[in-house]
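Visitor: I have this one open in the viewer and would like to talk through its packing. Could you pull it up on your side as well?

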Amino acid sequence: MIRTVRSSLLSGRARSLAAAAAVAMLVLPSGSLEGSDAGEKAEIGGLKIKFTDTSALSASEMVKAVEEDVLAYLANGRRRSFLEDAAYRLEARIRLEGRPFARVGFEIADNGKRLRFDVDAGPEVEIESIVFEGARFLGRDELDDCFRAGSVIPLVEGRRLYAESRIEDAISDVKSRYKASGYIWAKVSQKSVAFSADRKRAAVVVEIEEGRRAVVSSLVFAGALLERPQDLEDLKALRGGPYSPGLVMKIRNRLLEFYAQQGYPFSRADVTPLIDSSTGAVSIEARVTEGRKTYVRRVTVEGNDITLDSVVLLIAGLRMGDLLTLDRRRKAIADLCLQGLFDEVDVRAFAVEGDAESADVLVKVKEADHVRIECSAGFHSYELLNGDVRIKSPNTFGTGRSVWLGAKLSFREWMLESGLHDPWVLNLPFRGQWRGFVGRRIENEFSAFRWGMDFSFTFPFVKELSATASYHYEYSDVYKADEGIDIDAFRELNISSIGIGVMLDLRDDPFNPKWGLLVDLLHEFGGRGLRGGVHFDRSILKAACYATPVLGVTFSIAGEASIVDPKSRTEDIPIQLRLFRGGMSSVRSFGERRLGPRNEAGSVIGGEGYLQFNAEMRVPLSVFGDVPLLKPFGVAVFYDTGSIKEHAAMWLDFTGFRHAVGAGIRLITPIGPVRLDVGWNPDRRHREDAYAVHIALGHAF
């Protein structure tokens, strides 16, 4: 049955091709396939194939074009009609490359063991000109855009090549643009095409009959009591605008969305246009049957093999008696997807027979993998080669809580970690996380063995604003330090602290922000009352702002300030808690952690307070033209300045600022850019480098 339909579709063209092939065989030199060594050879299903001309397409592309029909030829009694279809398809494929005079015949020899496709690709035909006759509404630039080279029309070495079927696609695009603009009676066709004497150039004439423009003269709503008609102002604004066939569906969908948002999920909308072809006036009547407000009667869950029903319902947030609005359904889907527990999520409502005000809701899910192994590796100008691996159970015992065990390794660090993430502590809107760790860290100034744990509880007031309470304990053994850094007093140290933080995140994208604001504030208290060996207060404030006003160029500014202040009987902050600046996310004319006070031996000893300011302009290379090779790349220019003070009492002394001026290259990825930055030090001092190079993943701020 399939073969019959296919043959009928090709029969007319195939008969013409068969006749052309017969003429070609009479014209071509006689002899078997073995008589000529020219051309590319291949094999399909044991049948040896030869193509006489591969100037337009490679042999592999030609095999791909004829393979289906040749296999059908072998499987269906070797009927020639299949080879006629194969030759037709190959000819059509070559013509797509801008060779409208391509011809393909075929010859079978050696008792059917060999097959030759006689390919005459013909010349490439360049489009010399395109003339649009009768066009008044659409301008030349917009019409040319439909025939853009490299997308609709083949592009070779800057030349637009003629391909009849692609010209038809471009004409269809022109017609669609007219219809979308209200010219629903517009006719667009290729009036003529003239080829030069050498058949290498073509002049195309496109004829356009625009006709009358259809305009929405009235839009009437009937059959419904609108609760908030002001919400439909966007539909009322359609009056006086152009009418297109897609407008009916747009109005219908907007009405259904509006009523679903008000709690009418089973409303019905019928939109009828009355078109006066003599004047172009279109009167649209939208009749709505809204039904009654609907409330949730019951919520059921399907597809959850491991996840508990109660967990799915908790995440979805749909409860008996809730008004069933569109926002509630959308939020349920979004919240279920964001947890990462499910690959697919759907929330549907079903009317309850005999109860017009109730609906049963079905939450249908497809669970994600229950155990994941996550690996990553990369290069960092400070860490050098680094990688980590994590084994994770994202839905432990079906509770939605994730447990993980991981390891990190780089030239500066090894660490083993384990953790637990609870998205709803005690079924309350708190996110909880515990982490335990043990490892060794090698900084520029000192090396330390560490183990400890963290607890944190986060309360999201809204999506953009959250507050966090945390506890941190760490045992630190500094077993090596730079010359002149005294570690005897705090070599083995217990650090214990509690913290309170607030974050406001209004960025449009956390990995590659174009617009928005980020403010992050954290304050910690550490002391002997928490079983710690050092008493201190530590505050960190970070703020960043992003704007992309023109041409995709993003302007970013950021500020950061921190202070760690010794309290009680603690006189000096130990090296483990001192603040260090400089590097890829700080003042980029310095190496990582190389900005700050130094001792007499020249070792950087860090400080107890710092101020920092950064400004950066990020320019995507796509602004310089639609060149595919440049699209993933961008460049940036930046200015950084910062000051770090040895003692907390001098924190707000606005002196001693060091600077960086530089530029960088960005390779854009879904998780942020891979960047190479070079920062120049305009105020170089003794023992400082003139510049620094940084490689990292993610923006500096």
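Guide: What follows is a conversation about helix packing, nonpolar cores, cysteines and backbone angles in this predicted model.

Visitor: Let's take helices H7 and H9. At what angle do they pack?

Guide: Helix H7, residues 246–261, packs against helix H9, residues 326–338, at an angle of about 90°, and their axes lie 6 Å apart. Because angles of 65 to 115 degrees count as roughly perpendicular, H7 is described as roughly perpendicular to H9.

Visitor: Which residues make that contact?

Guide: From H7 the contact uses Glu-257, Ala-260 and Gln-261, while H9 contributes Leu-326, Asp-327 and Arg-330. Sorted by character, the residues of the contact of H7 with H9 comprise three charged, two nonpolar and one polar.

Visitor: Switching to the interior, how many residues does the largest nonpolar core have?

Guide: The largest nonpolar core has 26 residues, and those with the most contacts inside it are Val-66, Val-70, Leu-90, Ile-94 and Phe-117.

Visitor: And which elements each supply at least two residues of this core?

Guide: Strand E2 (47–51), helices H2 (59–75) and H3 (80–95), and strands E3 (103–109) and E4 (114–120) each supply at least two residues. H2 gives the most to this core, with seven residues.

Visitor: What does Val-66 touch, leaving out residues up to four places away in sequence?

Guide: With those set aside, Val-66 touches Ile-44, Phe-51, Ala-86, Leu-90 and Phe-117. Apart from this core there is another, of 24 residues, which includes Phe-132, Cys-146, Val-174 and Tyr-178.

Visitor: On to cysteines, then. How many disulfides does the count come to?

Guide: The count comes to zero disulfides, taking as the rule a pair of cysteine sulfur atoms within 2.5 Å.

Visitor: Is Cys-375 buried or exposed?

Guide: Cys-375 is exposed, with a relative accessible area of 59%, whereas Cys-545 is partly exposed, with a relative accessible area of 34%.

Visitor: Now the backbone. What is phi of Leu-384, and where does that residue sit?

Guide: Phi of Leu-384 is near 65°, which is a positive value in a residue other than glycine. Leu-384 is placed in strand E17, residues 384–393, and counts as partly exposed at 35% relative accessibility.

Visitor: Same thing for Leu-551: where is its place?

Guide: Leu-551 is in the loop between strand E25 (536–550) and strand E26 (553–566). Phi of Leu-551 is near 55°, again a positive value in a residue other than glycine, and Leu-551 counts as exposed at 70% relative accessibility.

Conventions. Residues numbered from 1 in each chain as written. Predicted model: local features only at pLDDT ≥ 70, side-chain atom pairs only at ≥ 80, totals over all residues. Heavy atoms only, no water. Axes fitted to C-alpha atoms, helices over the stretch in contact; angles between N-to-C directions. Helix = DSSP H or I, 4+ residues; strand = E, 2+ residues; numbered from the N terminus. Parallel < 35°, antiparallel > 145°, perpendicular 65-115°, else oblique. Contact = heavy atoms within 4.5 Å. Nonpolar A, V, L, I, M, F, W, Y, C, P; charged D, E, K, R; others polar. Core = buried A, V, L, I, M, F, W, Y, C linked by side-chain atoms within 4.5 Å. Buried < 20%, exposed > 50% of the residue type's maximum accessible area, 1.4 Å probe, protein only.
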